[in-house]
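Here are some short exercises to work through with the model open on your screen. Try each task yourself before you read the solution.

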Amino acid sequence: MTLDNRRILLVEDDELFRLGLQVRLQQDTNIAVLAEASDGETAIALAKLQTFDLVLLDIGLPGLGGMETCRQLKQNHPNLPILVLTSRNERTLISRLVTAGAQGYCMKGVAAETLILAMRSVIAGASWWDATATAEIQHTFQNHSPELTEDPSSEIKVNTLTRREKEILMLMSEHKTNQEIADLLYISSGTVRVHIHTILHKLEVADRKQAIAIATQNHLLP
């Protein structure tokens with residue numbers, strides 16, 4: 001997948017960073033629309049006026065803030081992919097990003113080729129988490145193994161899953177291995193592992209069996 005003819009909303013308060021990123025992206029791609037917003041309120045308003053394929057969202061925004069902007073964008077547009085741009089990758093940030101509905105993040109200053117790959121992946125329905133994020137997600141479930149109970153908020157949790165995550169959850173329910181899922185979806189087994197970690201995190205469960213049970217309870221799976 002390329003970024004050609006894709007509509008991107010860049011939400012960043014640093015004007016020089018916005019300009020530099022815009023120039024670089026338009027050098028390497030043929031983006032149809034690269035709209036800009038310097039704060040969350042403007043981004044939310046723009047997203048209501050036109051359809052975007054991806055939001056590139058700075059987490060350190062003034063006013064409403066990047067995290068709340070992400071949450072509101074996902075609340076208003078559940079299927080809108082959001083890739084966070086950040087200068088921080090603390091473990092405490094990662095779980096908050098997942099909860100807010102982000103599909104991943106890229107560190108500011110990353111190579112343009114890497115950012116473009118991340119954007120393509122998120123638009124395609126994948127998540128984009130680096131080694132720090134993956135380790136934190138793994139750590140969370142190694143140290144928290146709650147018993148599956150009836151949870152009135154489980155429907156909300158299921159609705160936070162992306163199209164790709166639901167697709168992978170369906171294949172998980174068919175007892176496919178990570179490699180079999182990767183082969184079927186034409187992605188790497190490492191990407192499948194990250195997707196599964198994200199699914200478990202969003203559903204707040206410890207293993208595949210519990211994730212499948214919640215999905216079945218909420219009629220996501222037959």
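**Getting your bearings**

The protein chain has 11 helices and five strands, where helices (H or I, at least four residues) and strands (E, at least two) are DSSP runs numbered from the N terminus. This is a predicted model, so local features need pLDDT of at least 70 and side-chain atom pairs count only at pLDDT 80 or more, while totals for chains, interfaces and linings use all residues. Residues are numbered from 1 along each chain as its sequence is written, and side-chain values use heavy atoms, with hydrogens and water left out.

**Exercise 1. Work out how helix 1 and helix 5 pack, and which residues meet.**

Step 1: Start with the axes. Those of helix 1 (residues 15–28) and helix 5 (residues 112–123) come within 11 Å and cross at roughly 75 degrees. Axes here are lines fitted to C-alpha atoms, for helices over the stretch in contact, and angles run from 0 to 180 degrees between N-to-C directions.

Step 2: Name the arrangement. Helix 1 is therefore roughly perpendicular to helix 5 (under 35 degrees is roughly parallel, over 145 roughly antiparallel, 65 to 115 roughly perpendicular, and the rest oblique).

Step 3: Find the residues. Helix 1 brings Leu21, Arg24, Leu25 and Asp28, and helix 5 brings Ala112, Glu113, Leu115, Ile116 and Met119; contact means heavy atoms within 4.5 Å.

Step 4: Sort them by class. You get six nonpolar, no polar and three charged residues (Ala, Val, Leu, Ile, Met, Phe, Trp, Tyr, Cys and Pro count as nonpolar, Asp, Glu, Lys and Arg as charged, and the others, Gly among them, as polar).

**Exercise 2. Zoom in on Leu21: is Leu21 buried or exposed, and what does Leu21 touch?**

Step 1: Leu21 is found in helix 1. Its relative accessibility is 10%, so Leu21 counts as buried (buried is under 20% relative accessible area, exposed over 50%, partly exposed in between, with a 1.4 Å probe and protein chains only).

Step 2: Not counting residues up to four places away in sequence, Leu21 touches Leu10, Leu56, Leu85 and Leu115.

Step 3: Check the spacing to Ala112. The two are 91 residues apart in sequence, yet 8.5 Å apart in space, C-alpha to C-alpha.

**Exercise 3. Do the same packing analysis for helix 8 and helix 10.**

Step 1: Helix 8 (residues 163–173) and helix 10 (residues 189–203) have axes 10 Å apart, at an angle of about 95 degrees. That is why the two helices are roughly perpendicular to each other.

Step 2: On the helix 8 side you'll find Arg164, Glu165, Ile168, Leu169 and Met172; on the helix 10 side, His195, Ile196, Thr198, Ile199 and Lys202.

Step 3: The class count comes to five nonpolar, two polar and three charged residues.

**Exercise 4. Look at the phi angles of His175 and Glu204, and place both residues.**

Step 1: Recall the background. Most residues other than glycine have a negative phi.

Step 2: His175 isn't a glycine, yet has a positive phi of about 65 degrees. His175 sits in the loop between helix 8 and helix 9 (178–185) and is exposed, at 70% relative accessible area.

Step 3: Glu204 also has a positive phi, near 60 degrees. Its place is the loop between helix 10 and helix 11 (208–217), and with 51% relative accessibility Glu204 counts as exposed.
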